[in-house]
Amino acid sequence: MMIESQGKTTEPQAAGVVLSEKARTLPSGEREFMMDVRTADLEVNMGPQHPATHGVMRILIRTDGELITGAQPHLGYLHRCAEKIGENVEWLQYLPYTDRYDYLAAMNNNLGYSMAVEAMLGEEIPRRAQMLRTICAELNRIGSHLIAFGTYGLDLGAITPFLYAFREREWMMALFEKICGARLTYSYLRIGGVFNDTPPGWLGEVEHFCDVFEEKHKEYVDLLMMNHIFVKRTADIGVIPAEMALDFGLTGPMIRGSGIDFDLRRDTPYMLYGELADAGAFDVILGSGAKGALGDCWDRFYVRVMEMIESVKIIRWCLGSIEPGPVIAPLPKVLKVPAGEAYVGIENPRGELGHFVVSDGGKVARRVRVRGPSFCNLAVLEAIMPGTLLADAVAIVGSTDVVIGETDR
Amino acid sequence: MLASSAVREYLTNVWDGVRTTLVGMRITGRYLLQKPITVQYPDERLPIPDRYRGIHYLEQEKCINCLACARACPIDCIEMDAIRHGKELEWVSFTLDYQKCMFCELCVYPCPKDCIHMGTEFAYVSFDRSEFVHDLLSFKGMAPDAKVRMREAKEKKALKEAAKLAAKQAKDESEGNGDGD
Amino acid sequence: MQHGNLVHELLSGVAPEAVPEWATILVTAVIGVSVLVGLVSVLAMFSVWLERKVSGHIQCRYGPMYVGGWHGWAQSLADGVKLLMKEDMIPLGADRVLFVLAPALVLGSIFGAMAAMPLAPGFYFADINLGVFFILGMSALTTIGVIMSGWASNSKWSLYGAMREAAQVVAYEIPLGISLLAPLMVAGTFNLLEASEAQSGWFGMKWFVFQNPFLIPAAVLFFVAALAETKRAPFDLPEAESELVAGFMTEYSGIRWSFFFMEEYAAMFLMSIVGAVFFFGGFESPFTSLAEWAFVAESGADGVVTEAAGIFELPLLYHVTAGTVLAAKALFGVFLMMWVRWTLPRVRIDQVMTMGYKYLTPLALVVVLATGFWELILS
């Protein structure tokens, strides 16, 4: 409405949609008449450099004032040919690359890939290695959800919870730094186990972290999740009904936020998770629609925040039953994987992270294919964003908790 | 009935807004009075754990130029060059390109002599890209003790050869003497 | 105790008879303007430093620590120098005249508003009868500058910011004005000095909030409306850094950008002063009473300092104490605004409107009505 009149064009057809002296039917069925005012929707590029797109994603938004009438995410700004690299480096050498697609949950990525290769090898993983893998994966899930929590606050204008979340994440990273030497791209897991046993006292430190984290978690809930402004900003926004969630193939907190009880850790038990589920060590958190419609942004946020406590429970269970032993299966240094193919899907913090690997019996994979959860979850944006306000767009993008490194790979 | 529920919602909104704001301000206010947890970085530093994966260092004396680490590297950022003099090595270069290196530590494990390690140094800053191709060698050419060893070996060899020669000459002489007979 | 303008009296006192009256007024004005400009810049720099320290400590970190030695006190100075040194950029598609004019208008109008702000009982720039209305009117002018900047930038994000600012300020002028009506009724004056005067007594604790129970909710309403008026979080929608990149200031950089920044902090201080004067006693505090009492005891007067008292007999200690008390109250208000900012998420634009029109305005009206009845019954 405003941009048009700034242009110096005299021909009305030169500048986009012109609805002069025409009527259009609003979604409500009402007829709206446009007499003299030439109006056109404003197309805004949100990104690739925008504070709220969590990386280099571009969303082409069509707006009518503050109201969004259409949105289309554009991907590919961070494409690094990760899958193709997998076909060119040895089995183990691909492991550091898996760190880099979902860089907030590198341990989980390592786990997915090494489990896919192990499925073809048919190797038995030592129990202590499985315990350490579980502890690390769940610690990393906490870290990843902390980022989701903090950046969501940041998207909605609350800066302080972000710093608080980073404080605890920093601690988590320090723990990983002690066990594997890296803070973000861990490559701690190896095909067949983990590469190093814990340093002395590390498990005690993890326990201490769990104790403190549970206290701080209450603050997160009070400070942000239950804040009235926050609730009003997220409840009833970006509602994904259960039907739609299934149609779009959403996974992880996105689908659980819509009330569908689906968690790969319990439903396709891998590693120790079957045992954990039987022991009742963790619950699957579901969106309840407590503050608005079921499947809104608040529900997804709620699922993430509460899952952190479930992860703490899992870690505690593992800490209680971990025993000394070998941490890696005896495998040759240069791995040759028997010909075949395997698909392993694991529960990443963002949803189902699937690795499909094909081997022709050589030292190098024939094909590595990754099913990224953020990539699949992002598709729903186009369906739920129209009809919301510009500020809600930020809330909705934040509630999908995408990592652009993984959507683009 | 409808009006009363609307009024109740209105008042609940006001109350919730004020209450949750105060709850939040209590939390932030409490942290305002606490000591910060950050450290003043260049002056204070957090301890770096032993397993930290920083800039590599090489125990050059142990290294046998077997290229195991270079082969293990996913991005081929390790290059080494040495001239072999029998058992001894004359080092030309052992470079790591830190523009490529992703600090995955895969180069450390295949080493048969356990001579390449990752250190605790992490800040590697330069104005020039070429400076990121870092030479890990502590000395070029041959190690001093290797030189000594080589000299000794050479001397030994020379002695041996001299002895051999002498023996041969003696033999030749005795044979020559025999011939001469 | 009503005093004349300290500077003017001082000048009149020392100037020879031959100097005409208008000359002393002019010199007074020049001195006043320079003091004001210096005050606003120093205030903005101090507030930025304070904001960074407050936010830092709330977030478990230190904030600036290096520049200047003690807790990075000179950080804002260094930043100011940096902003001055920066290239003055005007986007190619921008409307150059409006683009340049907008920050000047924003800063100019806040300077204008500050003219009616008293710093001490005898130190003010303009003693205006309708002081509050003048301040509210002038500070509302900044909106024009913000809209100008949003339009002139020729950026979509800036335009969004400008539109939000327009809608928001229009919505919040109303509760801001109405919530101020309540203390105005108690004070019976629009003049800030007189309102402060009306609260003397009870050892400096006869503040309006203690005089009338309905002034406590009025103060809360005023605080919320002032937050929105000064574009502070949770109402910082015009700049909304996570939604609109930087809103109306997206295309600004360097010293022009810092004008908007200075305006924000000056407006915060100004609103806090207004709040302090009309709710929390203005200059009055036990310390002020003590200073006054000491002066009276010393001079032997019967508690009334006549206007005839010459400039050199004025109780300087009293003025300094009163000024410090007011500044401390205002800075506490600024601190409160910062505390709120670093706690709350941002509200959405329709919620801002809802809150302004459906919550604050009716509640303010109720409070005004209740205050009126209370006053009526008491009198």
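Which residue is the bridge partner of B:Glu79 in S3(B)? The partner is B:Thr95. That pair is a good way into this structure, which is a predicted model.

## The sheet in chain B

B:Glu79 and B:Thr95 belong to a wider pattern. Strand S2 of chain B and strand S3 (residues 88–97) of chain B run antiparallel and are joined by eight bridges. With S5 they make up an open sheet of three strands in chain B, ordered S2-S3-S5, and the pairing is antiparallel.

Strand S2 (78–85) and strand S5 (133–135) of chain B are the edge strands; each has a single partner strand, so one side of each has no neighbour in the sheet. From one strand to the next, the twist averages 20 degrees.

## The sheet in chain A

Chain A also offers an open sheet of three strands to look at, in the order S8-S9-S10 and with antiparallel pairing. Its edges are strand S8 (340–348) and strand S10 (365–371) of chain A, each of which pairs on one side only. Neighbouring strands here are turned by 15 degrees against each other on average, with direction ignored.

If you follow strand S9 (residues 351–359) of chain A, you will find six bridges linking it to S10(A) in the antiparallel sense. One residue pair to pick out is A:Phe356 with its bridge partner in S10(A), A:Arg369. Helix H4 (residues 106–121) of chain A packs on this sheet and touches S8 and S9 of chain A. The direction of helix H4 makes about 150 degrees with that of S8(A).

## Where chain A meets chain C

Now to the contacts between chains. Here 38 residues of chain A are in contact with 27 residues of chain C. The two chains bury about 2,900 Å² between them, and 63% of that lies on carbon and sulfur atoms.

How many salt bridges does the rule find across the interface of chain A and chain C? It finds one: A:Asp392 pairs with C:Arg348, and their closest N and O atoms are 2.9 Å apart. Between chain A and chain C there are also nine residue pairs in polar contact, counted where both residues are at pLDDT 80 or more.

Several elements give two or more residues to the side of chain A that touches chain C, among them helix H5 (127–155), helix H7 (202–225) and helix H16 (390–400) of chain A. The largest share, five residues, comes from S3(A). By class, this side of chain A divides into 22 nonpolar, nine polar and seven charged residues.

## Where chain C meets chain B

At this interface, 18 residues of chain C are in contact with 17 residues of chain B. The buried area is about 1,700 Å², with carbon and sulfur atoms giving 67% of it. C:Cys60, C:Tyr62 and C:Tyr359 are worth finding in the viewer: they supply 35% of the area that chain C buries against chain B, more than any other three residues.

Across this interface the rule finds zero salt bridges, while eight residue pairs are in polar contact, both residues being at pLDDT 80 or more. Helix H2 (21–58), helix H12 (316–341) and helix H13 (349–378) of chain C each give two or more residues to the side that touches chain B. H13(C) gives the most, with four residues. This side of chain C has 14 nonpolar, two polar and two charged residues.

Note on methods. Residues numbered from 1 in each chain as written. Chains lettered and ligands numbered in written order. Predicted model: local features only at pLDDT ≥ 70, side-chain atom pairs only at ≥ 80, totals over all residues. Heavy atoms only, no water. Contact = heavy atoms within 4.5 Å. Buried area = accessible area lost by both parts, 1.4 Å probe. Salt bridge = Lys/Arg side-chain N within 4 Å of Asp/Glu carboxyl O. Polar contact = N/O pair within 3.5 Å; in protein donor to acceptor, adjacent residues only side chain to side chain. Nonpolar A, V, L, I, M, F, W, Y, C, P; charged D, E, K, R; others polar. Pairing = 2+ DSSP bridges. Axes fitted to C-alpha atoms, helices over the stretch in contact; angles between N-to-C directions.
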